[in-house]
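Welcome, and thanks for taking a look at this one. Please have the sequence and the 3D view open side by side as you read.

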Amino acid sequence: MASIPATMQAVLVTNTGKDSTLVIKPIPVPVPSAEQLLIKVAAAGVNRADLMQRRGFYPPPEGESDVLGLEVAGVVVAAGAQHKSWLGKAVFGLVPGGGYAEYALLHAGHAMPVPAGYTMAEAAATAEVFLTAYQLMCKIGNLQAGQRVLIHAGASGVGTAAIQLAKTIGAKVAVTASSDAKLALCKTLGADVLLNYNSVAFEQALSAIWPDGVNLILDSVAGAYVSREIPLLAMDGKIVLYAMMGGKDVPQLDLSALFKRRGQIICSTLRNRSNQYKTQLTQAFYQSYGQALAQRQLKPVLQQQFNWQQAEQAHQLMASNGTLGKLVLTL
């Protein structure tokens with residue numbers, strides 16, 4: 001193995017808040033604990049959570065790196081005593097922070113081998129969206145073959161992963177998106193019902209198409225969407241909220257409509273879960289769908305790669321809501 005330097009370059013946030021900027025500065029290379037791997041980062045996924053962290057709304061868990069970046073792909077260059085078998089191997093996985101740097105720490109239980117034929121950029125575009133979609137749809141939503149799921153932001157990273165997973169499960173999929181181009185992408189991934197929320201009221205359109213209701217709704221919007229979604233639910237249906245792009249307040253919430261359907265509203269995050277939970281989630285996902293990834297029956301939708309020194313441009317593109325799938329920084 002090549003020698004590991006004492007310092008590395010990392011993308012750091014200055015002036016956290018609405019006027020934040022990104023700068024590249026040297027910081028110490030982290031040292032892996034007994035349960036961690038040190039990754040020489042080849043690529044890091046860009047996520048909306050990174051934009052939120054810059055604004056001061058989504059801090060890292062206590063004790064974790066405050067460098068941006070929640071998923072990486074690269075080669076293991078150092079490892080805890082029980083995990084030396086990972087040395088030299090190409091891996092990808094979730095990190096609690098630290099991805100926008102030349103080296104990052106990855107919990108050994110969260111590491112997955114990069115599938116043969118995948119580029120590092122493709123691998124870096126996979127973990128956050130597929131593990132999030134798997135958690136929301138399978139672990140929380142318990143989606144079954146023949147059921148119906150509504151996925152908001154269908155052309156987003158999580159949306160594109162969720163469409164593919166839902167179709168693999170055998171569910172019917174409806175999506176919302178802001179443009180016909182985004183809906184066209186969703187259709188290629190298998191979506192059955194395509195709703196442009198700028199031209200139709202999604203709840204009216206979908207209730208006409210699926211009068212028996214929806215078993216599961218994956219909602220990254222929240223806000224006023226919640227009240228619009230409740231009447232769409234089938235009996236025992238679930239709304240799973242995993243972001244609040246539309247705001248944290250829910251106006252005019254009619255609980256009687258939720259009671260009538262025995263419905264559930266569930267709030268879910270992934271970053272602040274325990275290492276044990278993430279290990280179990282990662283291993284369950286990879287056991288169920290690792291082969292599908294390797295065979296590209298499931299695959300990340302990678303819109304664009306940026307040199308990691310262009311992180312600001314990548315963030316601007318993501319903030320514009322013009323993305324189709326994932327953005328990745330390469331080192």
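Below is a short tour of some residues, cores and helices. Please keep in mind that this is a predicted model. The largest nonpolar core has 55 residues, the structure holds zero disulfides, and His152 sits buried in a loop with a polar partner, Thr176.

**Nonpolar cores**

- Within the 55-residue core, the residues with the most contacts are Met137, Leu165, Leu218 and Phe285.
- Helix α3 (residues 127-140) supplies the largest share of this core, namely ten residues.
- Met137 touches Leu165 and Leu218, and its other contacts beyond four places in sequence are Asn142, Leu143, Ala162, Ala166 and Leu216.
- A separate core of 38 residues lies apart from the largest one, and Ala10, Ala44, Val46 and Leu51 are among its members.
- As general background, nonpolar side chains in soluble globular proteins tend to be buried together.

**How α3 meets α9**

- The axes of α3 and helix α9 (residues 275-294) come within 10 Å and cross at roughly 100°.
- An angle from 65 to 115 degrees counts as roughly perpendicular, so α3 and α9 are roughly perpendicular to each other.
- On the α3 side, the contact is made by Phe130, Leu131, Tyr134, Gln135, Cys138 and Lys139.
- On the α9 side, the residues are Tyr277, Leu281, Thr282, Ala284, Phe285, Ser288, Tyr289 and Leu293.

**Cysteines**

- Why is Cys138 without a disulfide bond? The closest cysteine sulfur, in Cys186, is 18 Å from that of Cys138, which is too far for a bond.
- Cys138 is buried because its relative accessible area, 18%, is under the 20% cut-off.
- Cys267 is in no disulfide either, and its nearest cysteine sulfur, that of Cys138, is 19 Å away.
- Cys267 is exposed, with a relative accessible area of 64%.

**His152 and its surroundings**

- You will find His152 in the loop between β8 (148-151) and α4 (157-169).
- Is His152 buried or exposed? Its relative accessibility is 0%, so His152 counts as buried.
- The side chains of His152 and Thr176 are joined by a polar contact of 2.9 Å.
- Beyond four places in sequence, the contacts of His152 include Ile217, Leu218, Asp219, Ser220 and Val221.
- Phe202, Tyr225, Glu229 and Tyr242 are also in contact with His152.

**Positive phi outside glycine**

- In general, most residues other than glycine have a negative phi.
- Ala153 has a positive phi, near 55°, and lies in the loop between β8 and α4.
- With 27% relative accessibility, Ala153 counts as partly exposed.
- Ala222 also has a positive phi, of about 60°, and its place is in the loop between β11 (214-219) and α7 (225-229).
- At 5% relative accessibility, Ala222 counts as buried.

**Gly246**

- Where is Gly246 found? Gly246 is in the loop between β12 (233-241) and α8 (255-260).
- Its relative accessibility of 44% means that Gly246 counts as partly exposed.
- Not counting residues up to four places away in sequence, Gly246 touches Val221 and Gly223.
- Gly246 and Tyr277 are 31 residues apart along the chain, and their C-alpha atoms are separated by 28 Å.

Key: Residues numbered from 1 in each chain as written. Predicted model: local features only at pLDDT ≥ 70, side-chain atom pairs only at ≥ 80, totals over all residues. Heavy atoms only, no water. Helix = DSSP H or I, 4+ residues; strand = E, 2+ residues; numbered from the N terminus. Buried < 20%, exposed > 50% of the residue type's maximum accessible area, 1.4 Å probe, protein only. Polar contact = N/O pair within 3.5 Å; in protein donor to acceptor, adjacent residues only side chain to side chain. Contact = heavy atoms within 4.5 Å. Core = buried A, V, L, I, M, F, W, Y, C linked by side-chain atoms within 4.5 Å. Disulfide = S-S within 2.5 Å. Axes fitted to C-alpha atoms, helices over the stretch in contact; angles between N-to-C directions. Parallel < 35°, antiparallel > 145°, perpendicular 65-115°, else oblique.
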